[in-house]
Amino acid sequence: MSIGSSQVAIQAILAHEGGWDEFLLVSGPIVVIIGLLVLAKRRVDAITPDGTKRPNGPTKPSKSARSSK
């Protein structure tokens with residue numbers, strides 16, 4: 001029984017040479033989790049306390065807020 005060249009190539013790629021595969025197994029999920037946290041933070045920051053979305057542009061303080069100083 002002989003092993004096909006594609007099986008040899010797969011075994012060579014998955015062999016533990018230098019630890020790059022372990023790095024990918026650890027860093028992959030970490031990158032996904034960080035991306036999901038960034039997305040969730042953006043969504044939370046875009047919502048005001050009363051549940052409405054904030055406008056995209058910068059907002060100016062109201063006259064009453066400026067005059068109270």
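Reader: At 49% relative accessibility, does Ile13 count as buried, partly exposed or exposed, and why?
Author: In this predicted model, Ile13 lies in helix α1. Exposed requires over 50% relative accessible area and buried means under 20%. Because its relative accessibility is 49%, Ile13 counts as partly exposed.

Reader: Which residues form a nonpolar patch on the surface, and what is their accessible area together?
Author: Ile13 is one of the residues of this patch. The others are Ile10, Leu14, Trp20, Phe23 and Leu24. Together the accessible area of these residues is about 650 Å².

Reader: Which elements give two or more residues to the nonpolar patch?
Author: Two helices meet that condition. One covers residues 5–14 and the other residues 20–45. They are α1 and α2.

Reader: What is the order of the elements of the protein chain from the N terminus on?
Author: The chain has 3 helices and 0 strands. Read from the N terminus, the order is therefore written with helix symbols alone, as strands number 0. That order is α-α-α.

Reader: Which side chains meet in a salt bridge?
Author: Searching the whole structure gives 1 salt bridge. Its nitrogen-to-oxygen distance is 3.1 Å, and the cut-off is 4 Å. The side chains are those of Lys41 and Asp45.

Reader: By about how much of a helix are Lys41 and Asp45 separated, and why?
Author: Both residues belong to helix α2. Because they are 4 residues apart there, the separation is about one helical turn.

Reader: How do Lys41 and Asp45 count by relative accessibility?
Author: Lys41 has 52% relative accessibility, so Lys41 counts as exposed. Asp45 stands at 36%, so the class of Asp45 is partly exposed.

Reader: What share of the 69 residues of the protein chain counts as buried?
Author: The accessible surface of the chain comes to about 6,600 Å². Carbon and sulfur atoms account for 67% of that surface. Of the 69 residues, the buried share is 4%.

Reader: Which element has the lowest mean pLDDT?
Author: The chain has a mean pLDDT of 78, with 68% of its residues at 70 or more. Among the elements, α2 has the highest mean, 92. The lowest, 60, belongs to residues 63–67, helix α3.

Technical notes:
Residues numbered from 1 in each chain as written. Predicted model: local features only at pLDDT ≥ 70, side-chain atom pairs only at ≥ 80, totals over all residues. Heavy atoms only, no water. Patch = residues over 30% accessible without salt bridge, like charges linked within 9 Å, V, L, I, M, F, W, Y side chains within 5 Å. Areas by Shrake-Rupley, 256 points an atom, 1.4 Å probe, with all protein chains shown as cover. Buried < 20%, exposed > 50% of the residue type's maximum accessible area, 1.4 Å probe, protein only. pLDDT = per-residue confidence, 0-100.
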